[in-house]
Amino acid sequence: MEIGPIFRALLRNKLGALLIALQIAFTMTVIINAVFIINERNRLMARPSGLDESNLFHITVIGFGDDYNEEIVAADDLAMLRQTPGIVDATVINAIPVSGGGSSTGVRLINDETSPSTGTAIYRLDEHGLNTLNLDLIAGENFTATDMRLRYESGPTEADKAVVTRALVESLFDGMAPADVLGEVMYMPGGDVVQIVGVVDRLQAPWPTSQLVERSMLVPENYIDSFSRYMIRTEPGQRDRMMAEVERMLVERGQDRVVRDMEAMEVTRANTYRVDSALTTILRVVVATLIVINCMGIVGLAVFSINRRKKQIGTRRALGATRPEILRYFLLENLFITIAGVALGAVLTIALSIVLTTNFNMPTMAWYYTPLGALLLILVGQLSALGPSARAAGTEPAIATRSV
Amino acid sequence: MLEMIDICKVYRTDLVQTHALRDFSLSVQEGEFVTITGPSGCGKTTFLNIAGLLETYTSGSYQLDGVEVSQLNDFKRARLRNEKIGFIFQSFNLMPDLNLFDNVDVPLRYRGLKASERKPLIEKALESVGLAGRMKHLPSQLSGGQQQRVAIARALVGSPRFLLADEPTGNLDSNTARGVMELLQEINELGTTIVMVTHDQELARESRRNIHILDGQIHEENGRGEMSSSASAVA
Ligand SMILES: Nc1ncnc2c1ncn2[C@@H]1O[C@H](COP(=O)(O)OP(=O)(O)O)[C@@H](O)[C@H]1O
Ligand SMILES: [Mg+2]
């Protein structure tokens with residue numbers, strides 16, 4: 001090995017090497033943090049909502065005119081929907097999970113408005129809600145039709161029963177098993193009492209990126225305000241057909257209302273995560289572009305520095321260097337430059353990661369990102385240098401005496 | 001030591017064929033100092049490159065130290081160059097980015113010696129050319145004559161049996177050239193076979209054997225050394 005001389009010769013031609021090392025450091029800093037952001041977004045996007053998303057869709061009915069009676073209309077609509085072949089179940093619901101819009105509230109275990117409350121999403125739906133959403137009930141039981149409360153703008157009547165998610169149980173009742181919290185009561189803002197009758201495994205809040213995540217509660221209520229939203233679950237594979245049919249049926253049922261905003265849950269999810277998917281796509285392009293530019297820089301420097309030293313290479317060959325030894329020389333030279341870049345890059349990567357964590361509410365990057373990124377860049381560097389180095393190795397020894 | 005029989009070298013380009021060497025036969029014995037002269041383009045460097053295994057030849061036979069070299073692959077030729085041949089070039093061909101020590105070290109690096117084995121060899125070689133005190137200098141900090149001495153130290157450091165020099169004094173003024181020539185003569189007296197291409201008729205005349213090439217063929221051979229030895233044999 002000729003580590004010493006290669007290194008000393010490199011120090012005498014710092015500028016090119018330094019620029020490439022800086023480029024490598026910059027590339028490493030950006031790509032590692034970008035890959036981390038991509039992975040983090042993908043992880044967030046991949047979290048299950050708890051719903052049977054591929055077979056769900058929702059639709060909104062808005063009544064107008066003084067004669068419009070939502071209470072009757074909704075009951076008729078739902079009865080009809082539930083009887084329709086191809087539909088598994090349907091419910092009224094105030095907010096669509098994952099959609100980005102809904103209600104939240106704060107609940108307490110003691111009736112004291114000054115004590116801290118626990119935030120939770122609140123879904124208002126009927127006794128068919130659990131089955132429609134296909135939630136996994138892990139303790140207790142579902143509501144019954146008699147638990148249902150209709151709330152009017154004039155005189156609200158709050159439901160007194162709730163099904164909560166496991167995540168909400170964990171935040172409220174430190175270390176208690178879901179089965180042990182059945183019958184416990186929670187205090188709503190204003191002092192209303194709600195008793196926990198069941199626990200479901202998982203149901204995301206309407207804002208999947210919020211702090212609430214899976215803290216949700218379901219209550220058997222329907223606001224009577226001329227505005228009804230139905231969530232409908234179909235038999236597997238029937239969704240698209242049923243969407244067309246349901247829209248037609250609802251439209252045909254009366255002239256005193258509009259039917260709108262029909263959307264499959266999968267579309268709702270795609271819309272909610274549109275910015276995130278766009279971001280990850282952009283970051284992927286950035287990462288790929290930077291790697292390509294990085295490769296071109298390395299190839300460019302290698303070609304330039306090899307062409308400049310053609311006669312030296314010929315002389316080395318004349319003095320007894322074999323082709324593999326010339327190849328090794330230039331790969332080692334590239335390795336030194338890359339290692340210098342990667343060392344600086346590691347510092348910058350961690351610095352940027354700290355900035356992102358502290359300023360943009362990002363989680364901390366796992367320790368292995370930096371060494372893996374460094375390894376990748378060293379590999380990319382060696383691969384980039386391989387072509388030019390192989391060409392250098394092919395230099396004829398006669399160059400030593402031929403060119404001046 | 002060196003035995004060439006009917007060597008031909010043809011350079012082919014798209015337009016022309018150049019017969020750089022034609023039926024070139026030459027035998028050099030161990031310990032000889034042979035100078036090669038001839039007009040520019042007559043084939044001196046071509047001969048030297050073939051002799052030094054830097055180039056292959058088109059036809060003929062060449063044995064170096066009893067080994068037929070046409071059969072050797074690139075790897076073996078490189079190894080043979082490293083072990084048996086020292087090169088001295090007209091423009092010195094030092095590595096500008098390496099100090100004198102590292103420059104002289106270059107051929108030893110390809111020989112797989114340990115640092116502790118190489119160091120005394122390098123120091124001795126630099127000492128023998130009078131530059132032991134400048135090991136940390138860069139070539140650019142030396143005069144032309146000094147640079148050529150470094151190149152000679154580099155050629156000698158691996159103790160090759162055979163030294164090939166292509167116009168080693170071509171870039172030097174006549175005084176410096178003389179010094180380099182004397183150094184080569186000393187080296188030859190210590191037993192190293194030298195073949196040297198030169199433009200300088202005066203230097204050529206000093207050698208024991210001079211070969212004049214014209215148009216790729218040996219035109220004339222002056223064997224002063226041969227003659228004196230045969231004369232002494234007669235006497
Ligand atoms: N690589 C080459 N390709 C084509 N022609 C060459 C090449 N090298 C040398 N020649 C030609 O071969 C002839 C001999 O060249 P050379 O041995 O360098 O001459 P000298 O060293 O005596 O000046 C010249 O005519 C030269 O142009
Ligand atoms: Mg020449």
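**Exercise 1.** Between which chains does ligand 1 lie? Work out the answer and describe the contacts of ligand 1.

*Solution.* This is a predicted model, in which local features need pLDDT of at least 70 and side-chain atom pairs count only at pLDDT 80 or more, while totals for chains, interfaces and linings use all residues. Residues are numbered from 1 along each chain as its sequence is written, chains are lettered from A and ligands numbered from 1 in the order in which they are written, and side-chain values use heavy atoms, with hydrogens and water left out.

Step 1: ligand 1 lies between chains A and B, and the residues around ligand 1 (a heavy atom within 4 Å) include R402(A), Y11(B), K44(B) and T45(B).

Step 2: look for polar contacts, which are pairs of N or O atoms within 3.5 Å. An N or O atom in the side chain of R402(A) is 2.6 Å from an oxygen atom of ligand 1, and for the side chain of T45(B) the distance to a ligand oxygen atom is 2.7 Å. K44(B) instead places a backbone N or O atom 2.9 Å from an oxygen atom of ligand 1.

**Exercise 2.** In what order do the six strands of the open sheet in chain B stand?

*Solution.* Step 1: strands are DSSP runs of E with at least two residues, and two of them pair if DSSP finds at least two bridges between them.

Step 2: the order is β6-β7-β8-β3-β9-β10 in chain B, with mixed pairing; β6 (85–88) and β10 (217–222) of chain B are the edge strands, each pairing on one side only.

Step 3: β7 (162–166) and β8 (193–197) of chain B pair in the parallel sense over five bridges, and D166(B) has V197(B) in β8(B) as its bridge partner.

Terms used:
Helix = DSSP H or I, 4+ residues; strand = E, 2+ residues; numbered from the N terminus. Polar contact = N/O pair within 3.5 Å; in protein donor to acceptor, adjacent residues only side chain to side chain.
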